[in-house]
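Welcome to a guided look at one protein model. Take a moment with the picture, turn it around, and then read on.

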Amino acid sequence: NITTTLRTLLVSPLVLLHSHHSLLNQFSRSSSTYYHCQSLRIIAAPPHFPTTTHTMNVSADLIQSYSALLTMACLPILIGSFLARHKPSHSETLSQKDVFMFPVIGSVVLFSLYLCFKFLPKEWLNYLLQIYFALLGIGAVFKVLNPLVSRIVPYSWTKKAKSEVQLPFSTITNYLFEIKTVQITLTRIISFVFAASVGLFYFQTKHWVANNIFGEAFSISSIELISLGSFTNGAILLIGLFFYDIFWVFGTEVMVTVAKSFDAPIKLIWPRAQGYSLLGLGDIVIPGIFVAQMLRFDDHLRRTNPSHGNIYFWTCFVSYILGLVATVAVLTIFQAGQPALLYLVPACLGSVTLLALVRGEIKELFAYSDAPDAPATEKTKRSD
């Protein structure tokens, strides 16, 4: 039941999350520079270049912050991919209609937020968005933490402390989330107390540690629970968002305006000597779902070839890392914000397609589907 609730909460804001995922950023203040960034784009005055005496310190600071962001981006993809490996029945599978509409709905959401921030009080809008994403983050932290706590707490304690409680307004909760009662155990109490404490800490301080805990948990849960259904769906989604980024980042002021106004825990943050470095969660979740699908594709090929390794998964994962490194390099060289999917989509999609061509498995790749309603022959047959 809790998983069903999280599924409902996670899928619905995914469009909103991506609409604000966009850029790998840095922002800082100095007497001649002002980088203002919330979660999307750098709004920069003429760049201030460090003097020679500070070059080494600045370089070390940049390396440390970007290395931390890279590590925090890779961990949820690895964990989420292996958690989603056997594709549990409760996962949310995107249809082809969903992936076609994703950039369209994302554009509508983005432009709607642009109008809201333009004509409505920003403080109230941000307050509501912070509550929404913080509640979502508490649920995600609980979901990620509970299995770990269950392994630590002795089963005898959990068994004794188990009880079932009917929710207030159960008719409404059953209609919305298919939940009437909640089973209370010691592990769930411990997990919820920790998750709620993180939420309270975030509301009181907006501290980057609490923000990152939310971000990591949200990314892991999204990658675990959401499936693309087929390689074709994944390719359509990535290509659609590739052009979405190009249009909204470079073609209009909409994303920049929303970026200056939007403030919610939908990004990873790492402090620097001057300011912070940021990475939007959309740059983790969107490619991460595709990387997770490549792990399941390796398992699919292993049914007919037991010696097959996880070559597609590791190729796609390493390509994701290289795409992020390329984004950082361009950002650092040109001192301008970059939409990470501009580099991540060619890296992930191109590397997997090229590998399939080299190995002579391109038909299998494009025919692959792990959707629940996929015909059995399509899931087991391997094209000649």
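## Helices side by side

Let us start with two helices: the axes of α12 and helix α13 (residues 311-334) approach to within 7 Å and cross at roughly 160 degrees. With a crossing of over 145 degrees counting as roughly antiparallel, α12 and α13 are therefore roughly antiparallel to each other. In passing α13, α12 makes a right-handed crossing. Please keep in mind that this is a predicted model.

Now turn to helix α9. Between α8 and α9 the packing angle is about 135 degrees, and their axes are 8 Å apart. The pair α8 and α9 is therefore oblique. The crossing in which α8 passes α9 is left-handed.

Helix α9 also packs against α5, at an angle of about 70 degrees and with the axes 8 Å apart. That makes α5 roughly perpendicular to α9. The crossing of α5 and α9 is left-handed.

Here are the three helix pairs in one place:

| Helix pair | Angle between axes | Axis distance |
|---|---|---|
| α12 and α13 | roughly 160 degrees | within 7 Å |
| α8 and α9 | about 135 degrees | 8 Å |
| α5 and α9 | about 70 degrees | 8 Å |

## Charged partners

Side chains of opposite charge can pair when their charged atoms come close. How many salt bridges does the structure hold? There are 5 salt bridges.

One of them brings us back to the pair of helices we have just left. Glu224 forms a salt bridge with Lys143, and their closest N and O atoms are 2.7 Å apart. Glu224 belongs to helix α9 (residues 208-225) and Lys143 to helix α5 (residues 122-152), so the salt bridge ties together parts that are 81 residues apart in sequence. Are these two partners buried or exposed? Glu224 has a relative accessibility of 13%, so Glu224 counts as buried. Lys143 is buried too, with a relative accessible area of 14%. The cut-off behind both statements is that buried means under 20% relative accessible area.

A second salt bridge joins the side chains of Asp370 and Arg296, at 2.7 Å from N to O. This pair also links distant parts of the chain: Asp370 sits in the loop between α15 (362-367) and α16 (376-380), Arg296 sits in helix α12 (residues 282-302), and the two are 74 residues apart. Both Asp370 and Arg296 are buried. Notice that α12 is the helix that crosses α13 at roughly 160 degrees.

In another salt bridge, the side chains of Arg359 and Glu361 meet at 3.0 Å, N to O. Which partner is buried and which is partly exposed? Arg359 is partly exposed, at 34% relative accessible area, whereas Glu361 counts as buried at 5%. Elsewhere, Arg85, Asp299 and Arg302 are joined into one network by salt bridges that share partners.

## Loops and neighbours

What is special about the backbone of Lys206? Lys206 is not a glycine, yet its phi is positive, at about 55 degrees. You will find Lys206 in the loop between α8 (186-205) and α9. Lys206 counts as partly exposed, with 36% relative accessibility.

Helix α8 itself contains Val193. Val193 is partly exposed, and its relative accessible area is 47%. Try finding Phe142 as well: Val193 and Phe142 are 51 residues apart along the chain, and their C-alpha atoms are separated by 8.7 Å.

Another such pair is Pro154 and Leu186, which are 32 residues apart in sequence and 9.9 Å apart in space, from C-alpha to C-alpha. Pro154 lies in the loop between α5 and α6 (155-160). At 34% relative accessibility, Pro154 is classed as partly exposed.

## A nonpolar patch on the surface

Finally, look at the outside of the model. Which residues form a nonpolar patch on the surface? They are Phe100, Met101, Val104, Ile105 and Val108, and together they have about 430 Å² of accessible area. Val108, one of these residues, is found in helix α4 (residues 96-119).

Conventions
Residues are numbered from 1 along each chain as its sequence is written. This is a predicted model: local features need pLDDT of at least 70, side-chain atom pairs count only at pLDDT 80 or more; totals for chains, interfaces and linings use all residues. Side-chain values use heavy atoms; hydrogens and water are left out. A salt bridge is a side-chain nitrogen of Lys or Arg within 4 Å of a carboxyl oxygen of Asp or Glu. Helices (H or I, at least four residues) and strands (E, at least two) are DSSP runs, numbered from the N terminus. Buried means under 20% relative accessible area, exposed over 50%, partly exposed in between (1.4 Å probe, protein chains only). Patches are made of residues with over 30% relative accessible area and no salt bridge: like charges are joined within 9 Å, nonpolar side chains (Val, Leu, Ile, Met, Phe, Trp, Tyr) within 5 Å. Accessible areas come from the Shrake-Rupley method with a 1.4 Å probe; for residues, only the protein chains shown count as cover. Axes are lines fitted to C-alpha atoms, for helices over the stretch in contact, and angles run from 0 to 180 degrees between N-to-C directions. Angles under 35 degrees count as roughly parallel, over 145 as roughly antiparallel, 65 to 115 as roughly perpendicular and the rest as oblique. A crossing is left-handed if the near helix is turned anticlockwise from the far one by less than a right angle, and right-handed if clockwise.
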